[in-house]
2 protein chains.
Amino acid sequence: MNVENTQVQMRKGILEYCVLHIISRGEVYASDMLDELTAAKMIVVEGTLYPLLTRLKNAGLLEYKWVESKSGPPRKYYTLTDKGSKVLEQLTKTWDELVHSTQMITSKSRTV
Amino acid sequence: MNVENTQVQMRKGILEYCVLHIISRGEVYASDMLDELTAAKMIVVEGTLYPLLTRLKNAGLLEYKWVESKSGPPRKYYTLTDKGSKVLEQLTKTWDELVHSTQMITSKSRTV
DNA sequence: GCTTAGTACTTGGCCATACATAGTACTTTT
DNA sequence: AAAAGTACTATGTATGGCCAAGTACTAAGC
């Protein structure tokens, strides 16, 4: 058990929320998302993002269309489905509550 | 894939941070922690908390002493070790950064 | 004294996800 | 035709939260 590992664990689930949010703002493809996630220091690698997108698509939260690219192979541009929007709403609520709960606990100082 | 599952995933790692924080405030035993975590709506069950405490103890972050109880079996009262305090500091930083990163992403609104 | 209820802690198995790594397929450049 | 770059796929590992059943001790009821 080390700190790095806990940091990895902390990202679990939150990443899904962030990805849904990014897609909710307009059509994007994987590399766009990687750039934004990296910029926000929500460090993610290809091998994490692509399987996540596939999971979300299979769950019916996303859909995509192929778009030809001028510099390389075609890209999958993702958009949220209605179901995806609903899930995003729920996750937003969950995340807000989680932050609130954590704050409730970590804002207390020692009583001894 | 369902929302509940993601909610469970979101808790990963964060729970560890919360537990360390609770213990950092003074000696407590498991039921105390469960009460506080439940009060903060950070829903946790016995089967999650006890193994977590054992992991943290084996990692050298916690130590405990048995204390006789007037109403039931003896209790393990936990305290943080020096190592535990250091880890807590790091996790605090990690958590703050994660909240910040998530905010960076989720505060943007759609550009389309 | 024996059973019942309550409290505190333990254990084993399951599942989902983040990650590492390697690989496929297509396009453009040289 | 070969090399480099881009976009996506596939497989295997490790970890932590959860469920469910179980152990052990104390106190109360009959």
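A crossing of two helices is left-handed if the near helix is turned anticlockwise from the far one by less than a right angle, and right-handed if clockwise. Keep that in mind, as handedness comes up a few times below. What you're looking at is a predicted model. Chains A and B touch through 40 residues on each side, and residues also gather around DNA strand C and DNA strand D.

**How the two chains relate**

- Turn chain A by 179°, with 0.0 Å of shift along the axis, and it superposes on chain B with an RMSD of 0.1 Å.
- That is the relation of a two-fold axis.
- Both copies use the same surface, since 100% of the contact residues of chain A recur in chain B.

**Where chain A touches chain B**

- The contact brings together 40 residues of chain A and 40 residues of chain B.
- On chain A's side, α1, α2 and α5 (82–106) each chip in with at least two residues.
- Helix α5(A) gives the largest share of that side, at 13 residues.
- Sorted by class, the side of chain A that touches chain B holds 17 nonpolar, 14 polar and 9 charged residues.

**α5(A) against α2(B)**

- These two helices pack at an angle of about 20°, and their axes are 9 Å apart.
- That makes α5(A) roughly parallel to α2(B).
- Going by handedness, α5(A) passes α2(B) in a left-handed crossing.
- From α5(A) come A:L98, A:T102, A:I105 and A:T106, which meet B:I14, B:C18, B:H21 and B:I22 of α2(B).
- This contact of α5(A) with α2(B) has 5 nonpolar residues, 3 polar ones and no charged ones.

**α1(A) against α5(B)**

- The axes of α1(A) and α5(B) come within 10 Å and cross at roughly 30°.
- Here too the pair counts as roughly parallel, α1(A) to α5(B).
- This time the crossing of α1(A) and α5(B) is right-handed.
- On the α1(A) side you'll find A:V3, A:T6, A:Q7 and A:M10, while α5(B) brings B:V87, B:Q90, B:L91, B:T94, B:W95 and B:L98.
- The residues in the contact of α1(A) with α5(B) split into 6 nonpolar, 4 polar and no charged.

**Inside chain B: α2(B) against α5(B)**

- Helix α2 (residues 14–24) and helix α5 (residues 82–106) of chain B pack at an angle of about 130°, with 10 Å between their axes.
- That makes α2(B) oblique to α5(B).
- The crossing of α2(B) past α5(B) is left-handed.
- On α2(B), the residues involved are B:Y17, B:L20, B:H21 and B:S24, and they meet B:G84, B:S85, B:V87, B:L88, B:L91 and B:W95 on α5(B).
- By class, the contact of α2(B) with α5(B) comes out as 6 nonpolar, 4 polar and no charged residues.
- If B:H21 looks familiar, that's no slip: B:H21 sits in this contact with α5(B) and also in the one between α5(A) and α2(B).

**Around DNA strand C**

- Strand C has 36 residues around it, and A:G47, A:T48, B:A30, B:Y50 and B:K76 come nearest.
- Two or more residues of this surface come from each of α1, α2 (14–24) and α4 of chain A, along with α1, α3 (30–39), α4 and β2 (75–80) of chain B.
- The surface near DNA strand C is made up of 14 nonpolar, 14 polar and 8 charged residues.

**Around DNA strand D**

- Strand D is surrounded by 36 residues, and the closest are A:A30, A:Y50, A:K76, B:G47 and B:T48.
- At least two residues each come from α1 (3–11), α3 (30–39), α4 (46–58) and β2 (75–80) of chain A, plus α1 (3–11), α2 and α4 (46–58) of chain B.
- Near DNA strand D, the residues divide into 14 nonpolar, 14 polar and 8 charged.

Definitions and conventions: Residues numbered from 1 in each chain as written. Chains lettered and ligands numbered in written order. Predicted model: local features only at pLDDT ≥ 70, side-chain atom pairs only at ≥ 80, totals over all residues. Axes fitted to C-alpha atoms, helices over the stretch in contact; angles between N-to-C directions. Helix = DSSP H or I, 4+ residues; strand = E, 2+ residues; numbered from the N terminus. Parallel < 35°, antiparallel > 145°, perpendicular 65-115°, else oblique. Contact = placed C-beta atoms within 7 Å. Nonpolar A, V, L, I, M, F, W, Y, C, P; charged D, E, K, R; others polar. Near = placed C-beta within 6 Å. Least-squares fit on C-alpha atoms with pLDDT ≥ 70 in both.
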